[in-house]
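Visitor: Please take a close look at the salt bridges of this model, and at how accessible the residues that form them are. I would like one connected account.

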Amino acid sequence: MSAHILVVEDDAKQAAVIRLSLVPEGHVVCVVHDGPAALEQARRWPPDLIVLDVMLPDIDGFEVCRVLRAECDALVLMLTARTSEDDILTGLDLGADDYMTKPYSPRELTARVRAMLRRSRREPDDDGALRVGTLVVHPDRREVLCDGRRVSCTPGEFGILSAMAASPGRVFTRRQLQRCFGDQRMQSERVIDMHILNLRKKIEADPRSPARLVTVFGVGYKLIGG
């Protein structure tokens, strides 16, 4: 599953390590070292995925992510030495698809990139269904099946589950899940948590120990094959 990947990292040695990790996977990798160069390169040759460091000279990674998210649909994997919840949430809310905190292993980065590309190229089945393990979501029919049984969902629960089933394994912040309702039905973060709690009662074998709809502590939730 080869891709065109743009690496934006001001540390030349770290950038070289990332490049050497990705090239053997069959990817075409371009490396730049600052924000303006990242914007210029992405506009000249739109990438499939961007590995984007937060701490960049001139324009930081948050601003680069904000600008590029408005201009292209490339996947964004943010790298940050900042481990506070606010910094991680800022990156995700600006449109990053995933994040890694430094230090990290090249093998983990390669695995994250592989998983992101696999998710992004996932298409609905011929019948329009989204399948995540034994959970099946039919967006057109507004129907959910779990282990072969029909699950009744409220409109809010269905909106959340549809969005997450379209990108299994992706971490969603509460603010991103709020957008499932549109501007006219913005839900509070507390309401989002209640929707998640109710969904777990419906799709988990043990809602107190969820295996499908799991919490990413300090960040949000993700849906995985259970």
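Guide: Within helix 2 (residues 35-44), R44 and E40 lie 4 residues apart, which is about one turn of the helix. In this predicted model, the side chains of these two residues meet in a salt bridge, with 3.3 Å from N to O. An α-helix has 3.6 residues a turn, so residues three or four places apart point the same way. R44 is exposed, its relative accessible area being 57%, whereas E40, at 47%, is partly exposed.

A pair with that spacing is found in helix 5 (residues 106-120), where E108 and R112 are 4 residues apart and therefore separated by about one helical turn. Their closest N and O atoms are 3.1 Å apart, and the two residues form a salt bridge. Here E108 has a relative accessible area of 34% and is partly exposed, and R112 is partly exposed as well, with a value of 25%.

A further salt bridge brings together the side chains of R208 and D206, at 3.6 Å from N to O. R208 counts as exposed because its relative accessibility is 79%, while D206, at 31%, counts as partly exposed. Elsewhere, salt bridges that share partners join E9, D53 and K102 into one network. Over the whole structure, the search finds 16 salt bridges. Side chains of opposite charge can pair when their charged atoms come close.

A charged group can also be placed over a ring, as with R170, whose charged end sits over the ring of F172, 4.8 Å from the centre of that ring. Under the rule applied to aromatic rings, by contrast, the count of pairs is 0.

The cysteines add no covalent links of their own, since the structure holds 0 disulfides. C72 is in no disulfide, and the nearest cysteine sulfur, which belongs to C65, is 9.3 Å away. For C146 the closest cysteine sulfur is in C153, at 9.6 Å, and this is too far for a bond; C146 counts as buried because its relative accessibility is 0%.

To set beside the two helices described above, helix 6 (residues 155-166) has 9 of its 12 residues buried, so the rest of the structure largely encloses helix 6. Among the buried residues of helix 6 are E157, F158, I160, L161 and M164. At 1.5 Å a residue, helix 6 should span 16 Å, which agrees with the 17 Å between its end C-alpha atoms.

Methods. Residues are numbered from 1 along each chain as its sequence is written. This is a predicted model: local features need pLDDT of at least 70, side-chain atom pairs count only at pLDDT 80 or more; totals for chains, interfaces and linings use all residues. Side-chain values use heavy atoms; hydrogens and water are left out. The expected span of a helix is 1.5 Å times one less than its number of residues. Buried means under 20% relative accessible area, exposed over 50%, partly exposed in between (1.4 Å probe, protein chains only). Rings of Phe, Tyr and Trp (its six-membered ring) pair if their centres lie within 6.5 Å; planes under 30 degrees apart count as stacked, over 60 as edge-to-face and the rest as tilted. A charge sits over a ring if NZ of Lys or CZ of Arg is within 6 Å of the ring centre and within 35 degrees of the ring normal. A disulfide is a pair of cysteine sulfur atoms within 2.5 Å. A salt bridge is a side-chain nitrogen of Lys or Arg within 4 Å of a carboxyl oxygen of Asp or Glu.
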